[in-house]
Amino acid sequence: MISLEPSEKQIALQEHFRRLAVKRLRPRSILIDAAKPAGVDPDYRALIAEENLNAFLIPEEYGGKSLDWMSLAILFEELGAGCAGFAAVYAQTFHSIAALLIGGSEEQKKRFFPLLLPPGGHMASFCVTEEKSGSNTSSFSTVFSRKGRSFLLNGAKEPIINAGQSRFYVVWANEEGARNRAGISAFLIPAGTEGLDFGPYHDKPGFRAAPTAAVHFRNVRIPEGNMIGPAGSGYLLLMQILDWGRALGAAIAVGLARTAIEEAVRFAKQRVILKRPIIRNQSIAFMLADLVTELEAARALVWRACRLIDLGKDHTVASSMAKLYAGELAVRAATEGLLILGQSGFKRPSLMDKLHRDAQAFRIAEGTSHVQKLIISGQL
Ligand SMILES: Cc1cc2nc3c(=O)[nH]c(=O)nc-3n(C[C@H](O)[C@H](O)[C@H](O)COP(=O)(O)OP(=O)(O)OC[C@H]3O[C@@H](n4cnc5c(N)ncnc54)[C@H](O)[C@@H]3O)c2cc1C
């Protein structure tokens, strides 16, 4: 039996980041949402530094103070409740740290982890998706070839969060002539490397606080020591990172769903139609009853996946279930939320409108809902 009771320390962490999300992230997120696409908001970068957020993912021997997974689930839910886009900026750095934790050598960890610690609010990018390969991660058009004691990389990745602002990029590519899983390797490319170039920021309906752009590689020379793990180990590494990442992506979705539900409850209690608050209509009350029940279920799935990771047990299906359920719930909660708010929510700026647009990304990023169903059904 897995215990899902948070400890006192975890409750303190939750309360701290809940306050921060409400006071600092939420008001700022509305402004960023309405602004033109730009890099990561300076206030958000300051927050990464002030709270030393990246340290929560880096082990102590490398200057961090890493948290257990249950605590990470709590942290990511609170950040998602404040601003899902900010949580995604942080999550991409997390993915890059995860690549080093799982496959990196001692020397690589010592070289790259300090790049993400204060001073400065630093990010990293996780570069997998290409224009022609999103769900299919078993072959890439981005290719590398060996040139003596280094590799030459060519291709492009898109959409990539934190592109142009990251301190380093973790990039997946196929060895030239080997367009299959066995030919995939992952590389660490520091910012400023010659041949590394970026497209303009995308204008997208949601997750506007998580800037995305294309990353281009034109004859990028990568020293031998920047390949993560042995040649050909990239596909397995990617699957392991995604198994972790989906649990945390799900936690962000739970946070967004919670905010949508809280906003709908607040509105339903204060909106008076025909002399009574609309929450006293069964149609509204039952919608909210369903949503809060589903929220508890989604959080339980996330915490279970994270507990399994903490226990070192198989968590692939648990992470996919959490991601599928929480991602779909985020969309449902914001959609029902819009209905409950009526015209009050159907305008800009409006928190519910923003949540509704942000929520859509949970069905797509880090493996679509279809892909999660493929993973879950594949184990039946
Ligand atoms: C806001 C945002 C930020 C992102 N940031 C990053 C990032 O930083 N780094 C990065 O590498 N990627 C990033 N991505 C990309 C993301 O991971 C991909 O969008 C995702 O993997 C899906 O790929 P695709 O969008 O190309 O869809 P496609 O793979 O083209 O799929 C299109 C549709 O077909 C369905 N489909 C595909 N194959 C199957 C199948 N076998 N069975 C059933 N249905 C199928 C999909 O579910 C989907 O509905 C980001 C995406 C978003 C939306």
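**Contacts and backbone features of a predicted model**

Modeller: In this predicted model, the ligand has a nitrogen atom that lies 2.8 Å from a backbone N or O atom of Phe126.

Biologist: What makes the pair formed by Phe126 and the ligand a polar contact?

Modeller: A polar contact is a pair of N or O atoms within 3.5 Å. Both atoms of the Phe126 pair are of these kinds and they are 2.8 Å apart, so the pair counts as a polar contact.

Biologist: Which other backbone atoms lie at such distances from an oxygen atom of the ligand?

Modeller: A polar backbone atom of Val128 is 2.9 Å from an oxygen atom of the ligand. For Glu366, a backbone N or O atom lies 3.5 Å from a ligand oxygen atom. The protein covers 64% of the 980 Å² of accessible area that the ligand has on its own.

Biologist: Which residues around the ligand come nearest?

Modeller: There are 17 residues around the ligand, and Phe126, Thr129, Ser135, Thr368 and His370 come nearest.

Biologist: Why are helices H1 and H9 described as roughly perpendicular to each other?

Modeller: The axes of H1 (residues 8–34) and H9 (residues 351–359) cross at roughly 70° and come within 11 Å. Angles of 65 to 115 degrees count as roughly perpendicular, and H1 and H9 are therefore placed in that class.

Biologist: Which residues make the contact between H1 and H9, and of what classes are they?

Modeller: H1 contributes Arg26, Ser29, Ile30 and Asp33, while H9 contributes Leu351, Lys354 and Arg357. By class, the contact has four charged, two nonpolar and one polar residue.

Biologist: What is notable about the peptide bond between Glu158 and Pro159, and where is Pro159 placed?

Modeller: The bond that joins Glu158 and Pro159 is cis, with omega about -5°. Pro159 belongs to strand S3 (residues 150–161). Most peptide bonds are trans. The bond from Arg348 to Pro349 is also cis, with omega near -5°, and Pro349 is found in the loop between helix H8 (316–341) and H9.

Biologist: What makes the phi values of Asn52 and Asn219 worth noting?

Modeller: Most residues other than glycine have a negative phi. Asn52 is not a glycine, yet its phi is positive, at about 50°. Asn219, likewise not a glycine, has a positive phi of about 50°.

Biologist: Where do Asn52 and Asn219 lie?

Modeller: Asn52 lies in the loop between helix H2 (42–50) and helix H3 (69–82), whereas Asn219 lies in strand S7 (residues 212–223).

How values were computed: Residues are numbered from 1 along each chain as its sequence is written. This is a predicted model: local features need pLDDT of at least 70, side-chain atom pairs count only at pLDDT 80 or more; totals for chains, interfaces and linings use all residues. Side-chain values use heavy atoms; hydrogens and water are left out. Axes are lines fitted to C-alpha atoms, for helices over the stretch in contact, and angles run from 0 to 180 degrees between N-to-C directions. Helices (H or I, at least four residues) and strands (E, at least two) are DSSP runs, numbered from the N terminus. Angles under 35 degrees count as roughly parallel, over 145 as roughly antiparallel, 65 to 115 as roughly perpendicular and the rest as oblique. Contact means heavy atoms within 4.5 Å. Ala, Val, Leu, Ile, Met, Phe, Trp, Tyr, Cys and Pro count as nonpolar, Asp, Glu, Lys and Arg as charged, and the others, Gly among them, as polar. A residue is near a molecule or strand if one of its heavy atoms lies within 4 Å of it. A polar contact is a pair of N or O atoms within 3.5 Å; within protein, one must be able to donate a hydrogen and the other to accept it, and residues adjacent in sequence count only if both atoms are side-chain atoms. Accessible areas come from the Shrake-Rupley method with a 1.4 Å probe; for residues, only the protein chains shown count as cover.
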